[in-house]
Amino acid sequence: MSALTFDKRELGNLEYSLQREMLATDRIGGYMSTTIVCCNTRRYHGLMVAPIDDSDRTYLLLSSLDETVIQHDQSFNLALHRFRGVYEPRGHKYITDFEYTPTPTITYRVGGVILRKEMLWIHKRTQLMIRYTLVDAHSETRLRLRPFLAFRDKHALTHANMQADGHSYPAVNGVKCRLYDSFPWLYLQTSKPEAEFVPAPDWYYDFEYQQDLARGYGGHEDLLTTGYFEMELKKGESVIFSASLDEMGSTKTIEEMFAASIARRTHKIDFLSCMEHSARQFLIRRPGDRTEVVAGYPWHGVSGRQTFVALPGITLAQHHKEDCIDALDTQVRAMRDGMFTGSASAAVAADAPLWFFWTLQQLERELGGAEIWRRYGAAMKELLESYRRGVAGRVVLNDNGLVWASSEEQPLTWMNSMIDGRPVTPRNGYQVEVNALWYNAVCYALELAEANGDEAFVAAWKQLPARTAASFNELFRLPEGYLADYVGGEGADRDIRPNMIVACGLPYKMIDIETQIDTIRTVRQHLLTPRGLRTLSPRHPLYRGAQEGTPAERDFAAKNGSVWPWLLIFYVQARFDIDGDAFLPQAEEMLAAFEEEIQSYGIGSIAELYDADPPFAARGAISQAWSVAAVLEIDRMIRARRPVGKQPAKRGAKSASAKRCATPAAKKGTAERAASAKRPAARKTAKK
């Protein structure tokens with residue numbers, strides 16, 4: 001696995017350094033994010049972005065901290081900001097090194113002065129600590145620290161106003177600030193009692209965020225500074241700056257907390273250690289015993305659909321089953337009238353509750369089927385019954401055994417982008433992945449119910465899967481050799497989209513092996529890239545190869561071409577189910593293709609989506625839960641097939657999950673299945 005390294009010679013090159021963004025989280029909903037040279041290029045960048053109450057909203061409190069080295073009455077500002085197209089000051093020219101592990105660390109050289117800065121977010125506290133060490137100096141050296149405050153919602157921008165309180169108030173070894181009464185106090189302290197805070201309130205105007213401007217949004221704001229710290233440092237001496245919602249009691253307390261926290265940091269030295277670290281950042285513990293999954297940083301919140309899809313990869317792949325259970329229990333406790341609430345409800349996401357069943361199937365590897373049924377059997381039955389009754393007039397199980405999902409107000413599948421109030425990809429009707437998930441959910445519930453003696457449930461539901469499978473094959477199988485994306489009032493939609501791969505990669509499948517092979521071949525030929533699956537075939541007239549331009553243009557491209565890594569979970573599983581261990585080399589190549597991604601964009605993580613055309617540029621959130629989950633799930637699949645002494649399986653051998661399918665499609669004659677498995681299309685390697 002490749003190491004996480006950065007080209008020291010390029011750190012002063014803004015085209016290099018501003019494209020690389022770092023992230024640290026406190027595991028309770030807050031984060032720090034900026035570029036590796038600490039120049040904020042998005043409104044979402046800041047040194048302290050955190051919740052301030054029990055709501056899910058987060059606020060940018062501390063935007064940045066300017067460091068100035070003073071020697072012989074000369075000042076050298078190490079910061080980097082952009083004001084109306086001009087960078088000033090240009091402190092990046094003093095940077096000689098950047099390291100990401102064990103915590104983001106920047107080294108500056110100003111003449112004979114070498115200053116090291118280590119940035120540390122404290123876990124389970126809303127607190128940022130930065131330790132400055134004067135590594136070398138040959139004359140008296142002073143350090144000045146000027147904090148810039150925003151005190152705003154992270155999605156907003158702030159501007160100079162008369163309501164902001166520019167005063168600082170005394171605190172232990174520092175001051176406390178609160179720009180508006182609705183916010184808590186922010187304590188700014190240092191570990192050096194001799195450090196002087198000089199009150200000097202002032203607005204700085206027109207900070208410019210070029211990434212926001214490039215994305216078609218407003219990108220200018222004003223920030224308030226209430227003053228600055230100044231202190232003398234001797235060669236070899238360190239001082240710690242702390243920004244926190246809780247006051248630190250003494251110098252010793254600050255130093256001890258920093259030392260203890262950095263000692264617990266894991267070393268992100270290669271691809272998989274970065275992925276595992278990134279995975280842990282998505283899981284947050286909130287008040288009220290809530291465990292939730294942040295869909296992506298820096299701007300996404302909690303999504304029910306993405307929670308269920310991501311959980312196996314970000315928790316179970318590291319054997320953190322308790323985290324998975326806690327997140328699932330949070331969703332189950334919030335159920336009302338047999339349905340999840342919020343973004344996990346079928347009323348707004350027709351497929352979200354069905355992903356819950358898929359997550360349980362992965363959790364079964366850790367707990368066993370009996371325990372899954374004991375814990376979640378009641379919820380499973382309630383959810384299925386809700387679909388049968390119908391949900392919010394939008395989602396209903398029809399007599400043919402298929403789930404119909406339709407809404408004029410909002411799209412109900414993961415392809416939910418809208419422009420001017422209209423869906424980018426209208427899919428009202430029977431969607432291929434929704435019904436594949438529905439069939440999988442019913443079959444899984446029946447399996448557990450039968451194994452655990454729930455005869456009433458089995459009697460009530462056992463006839464449904466056959467009807468669902470028959471209807472699905474009648475409506476979705478196309479003569480062209482793949483599955484329709486959805487079937488609406490005007491018939492089957494023949495656009496080649498990736499949603500059909502879900503029907504091939506679930507434990508229970510409604511389609512026979514021949515149809516699986518044809519579908520996989522179509523996906524491979526039209527949609528597969530080194531970063532995931534395209535959302536539309538390049539041969540389609542609506543295809544867009546790059547996600548750039550205005551918000552509307554980007555929203556259009558996101559679901560009409562752009563590549564999404566999370567879909568690879570089901571492509572890789574489908575290939576293993578068909579090809580067995582013969583697919584291992586290709587799976588390993590697909591995993592290795594992501595290694596270079598940890599060096600750029602969101603360093604140490606995987607982006608939300610990518611351009612559909614080479615060079616497959618990263619787009620969207622810099623760190624996305626189900627993207628990271630996909631990488632870790634693929635790694636888990638590979639490791640599961642590489643135990644010591646295991647011989648490669650023959651082509652066409654079914655995985656354990658596929659063997660559990662007992663459907664009309666899966667019961668086709670062995671001669672026909674053998675012939676299908678030997679088709680040339682199944683023997684081709686994946687083209688990237």
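**Cavity, pocket and a buried aspartate**

Me: What makes up the lining of the second largest cavity, by class?
Reply: In this predicted model, the lining of the second largest cavity comprises 11 nonpolar, four polar and three charged residues. Cys counts as nonpolar, Ser as polar, and Glu and Lys as charged.

Me: Why is this space called a cavity and not a pocket?
Reply: It is called a cavity because a 1.4 Å probe fits there but cannot get out, whereas a pocket is an open set. The count by this rule is five cavities of 30 Å³ or more. The second largest cavity holds about 120 Å³ of space. Its lining has 18 residues, and those closest to its centre are Cys 38, Ser 64, Leu 65, Glu 67 and Lys 117.

Me: Which elements give two or more residues to that lining?
Reply: They are β4 (59-71), β10 (113-121) and β11 (127-136). Of these, β4 gives the most, with five residues.

Me: What makes up the largest pocket?
Reply: The largest pocket has about 730 Å³ of space. Its lining has 31 residues, of which His 300, Asn 416, Ser 417, Lys 559 and Glu 608 are the closest to its centre. By class, the lining divides into 14 nonpolar, 11 polar and six charged residues. Both α5 (304-314) and α14 (551-558) supply at least two lining residues, and α14 gives the most, with four.

Me: Why does Asp 97 count as buried?
Reply: Asp 97 has 13% relative accessibility, and buried means under 20%; therefore Asp 97 counts as buried. Asp 97 is found in strand β8 (residues 95-99). Leaving aside residues up to four places away in sequence, Asp 97 touches Lys 8, Leu 11, Thr 105, Ile 106 and Thr 107.

Note on methods:
Residues are numbered from 1 along each chain as its sequence is written. This is a predicted model: local features need pLDDT of at least 70, side-chain atom pairs count only at pLDDT 80 or more; totals for chains, interfaces and linings use all residues. Side-chain values use heavy atoms; hydrogens and water are left out. On a 1 Å grid over the protein atoms alone, a cavity is a set of points where a 1.4 Å probe fits but cannot get out, and a pocket is an open set with protein on both sides within 12 Å along at least five of seven lines; lining residues have an atom within 4 Å of a point. Grid points are joined across faces, edges and corners, and a volume is the space filled by probe spheres set on the points. Buried means under 20% relative accessible area, exposed over 50%, partly exposed in between (1.4 Å probe, protein chains only). Contact means heavy atoms within 4.5 Å.
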